[in-house]
Amino acid sequence: MFNERFQSLDRYLTDLKRFWQFEAFHHGDYPWQATDPALCEFLDNITEQELLTYQQYPDTLLPHLSAFIGNLLALTDELFCVPLLAPKEIKTPFWLSNGIKGRKWSQISAFANQVNNQNEIVEWCAGKGHLGRLISWQQELPVTSIEWQQSLCEAGEAESKKMQLNQHFKQADVLKGEADYYIKPDVHAIALHACGDLHLRLITLAKTQQPAQLTISPCCYHLTQKTTYQPYSRVAKNSLLDISKQQLKLAVNKQTTTGKRQSRLSEQEVLWRLAFDELQKQMLKTEHYFPLPSFPKALLSGQFSEFVNWAMLEKSLQFQLPACLQPFLELAQKRVKKVRRMELLSQFFVRPLELWLVYDRALALQESGYQVRLSTFCAEKITPRNLLIQARLTEQ
């Protein structure tokens, strides 16, 4: 089943790659302007109110797009049919969730409720070990929580001792192989939202160390040392897709709903980044997009000129600023409109790309001798990263 679904997704993503294999910030116009001019005209004519509607309810846009792209966007529902696991009603004492925000606790408890076995638990990339503590309490099993940051290990160890739970922390850098020893045939390795290379390291270890079970919810596929995605399964290695590290970000592009203030700040950040890009292009006589690192959000409470000064200092740029910066904000506003319309199409590839990546992981585990189940462990409103890989080693 995984093989067939992967192949269908692979054809979809390959045939339509011009609509998602691009970085909107880097373009002043639609990347498909030459091949799909009528589609571009349609997108340009979308009003701001229509844009908001299509962003919130993408399915209402599909009938309009079918006139330009045909039925290529109409993936079958069966392909997206990843079953939602039924939640188990397990009451927990209040002290287990102390200090954990509601949505985070919902993720932890939903994940923990799907871990059912008699093997020792190894919690991979544990943080403070909230998940391991809950499982240790629920199932009265020993839990080894592996975490890179010593301060988190110490905080987690103190909590588990206070609660008299059989949970112990090991400080280790999993990417350097310092935790390989703990992945043994008699353990159940679990990882909730271990990012990129961290969960891939666990899947790689499964091939050689053969733990009895794995339960993994992947996250942040773009957090990898490789500049181009390297498939893990034999099936995926035959794909013609060449996916950059930057393009992998699309797979986690769907976020949970944010408040009005956070949305406003996010929009302002986009505008200012693009305005600075317009400024540097004019000053440095270049056509290349100029990326900026993350910055303190307090900058957004000041003036655009302060943001420009920070950016120039951060990137060691030296040029004479124009007396008025308003024209660059106006140019950026036009680009924002284009970017948002480009993203209307790319939003249809968020889940297909994530499923493509997760099926690659599931197939790799199958090839290593595991029976694999793919499901969702909680509702999307709790976390968009709700895909769950459960693998059990088959009898040899």
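Visitor: Is D29 buried, exposed or partly exposed, and what is its relative accessible area?

Guide: In this predicted model, D29 is partly exposed, with a relative accessible area of 32%. Its salt-bridge partner is K338, and the closest N and O atoms of the two are 3.2 Å apart. K338, by contrast with that partly exposed residue, is buried, at a relative accessible area of 18%.

Visitor: Which parts of the chain does the salt bridge between K338 and D29 tie together?

Guide: The thing to look up is the element in which each partner lies. K338 belongs to helix 12, residues 326–346, whereas D29 sits in the loop between helix 1 (2–15) and helix 2 (37–44), so the salt bridge ties together parts that are 309 residues apart in sequence.

Visitor: How many salt bridges does the structure hold, and where does the one between K162 and E159 lie?

Guide: There are 15 salt bridges in the structure. For a pair within one helix, the general idea is that an α-helix has 3.6 residues a turn, so residues three or four places apart point the same way. In this case K162 and E159 are both in helix 7 (residues 150–162), where a spacing of 3 residues separates them by about one helical turn, and their side chains meet at 3.2 Å, N to O. K162 counts as exposed at 60% relative accessibility, while E159, at 27%, counts as partly exposed.

Visitor: Which helices are linked by R340 and E267?

Guide: The side chains of R340 and E267 meet in a salt bridge of 3.0 Å, N to O. This pair links distant parts of the chain, since R340 is in helix 12 and E267 is in helix 10 (residues 260–284), 73 residues apart. R340 is buried, with a relative accessible area of 11%, and E267 counts as partly exposed at 39% relative accessibility. Elsewhere, salt bridges that share partners join D277, E278, K281 and R335 into one network.

Visitor: With which side chain does Q280 make a polar contact, and is Q280 buried or exposed?

Guide: Q280, which is found in helix 10, is buried, with a relative accessible area of 1%. Its side chain makes a polar contact of 2.9 Å with the side chain of D277, and D277 is also a member of the salt-bridge network with E278, K281 and R335. When neighbours within four places in sequence are left aside, Q280 is in contact with K285, T286, H288, Y289 and F290.

Visitor: At roughly what angle do the axes of helix 3 and helix 12 cross, and which residues make the contact?

Guide: One reads such a pair from the axes and then from the residues. The axes of helix 3 (residues 48–56) and helix 12 come within 10 Å and cross at roughly 35 degrees, and the crossing is left-handed. Helix 3 contributes E48, L51, Y54 and Q55, and helix 12 contributes K337, R340, R341 and L344. By class, this contact has 3 nonpolar, 1 polar and 4 charged residues. R340 thus appears in this helix contact as well as in the salt bridge with E267.

Visitor: Which residues of helix 5 are buried, and what do they pack against?

Guide: In helix 5 (residues 102–112), the buried residues are W105, Q107, I108, S109, A110, F111 and A112. These buried residues pack against helix 6 (130–139) and against three strands, namely strand 4 (187–195), strand 5 (213–219) and strand 7 (387–393).

Methods
Residues numbered from 1 in each chain as written. Predicted model: local features only at pLDDT ≥ 70, side-chain atom pairs only at ≥ 80, totals over all residues. Heavy atoms only, no water. Salt bridge = Lys/Arg side-chain N within 4 Å of Asp/Glu carboxyl O. Helix = DSSP H or I, 4+ residues; strand = E, 2+ residues; numbered from the N terminus. Buried < 20%, exposed > 50% of the residue type's maximum accessible area, 1.4 Å probe, protein only. Polar contact = N/O pair within 3.5 Å; in protein donor to acceptor, adjacent residues only side chain to side chain. Contact = heavy atoms within 4.5 Å. Axes fitted to C-alpha atoms, helices over the stretch in contact; angles between N-to-C directions. Left-handed = near helix turned anticlockwise from the far one by under 90°. Nonpolar A, V, L, I, M, F, W, Y, C, P; charged D, E, K, R; others polar.
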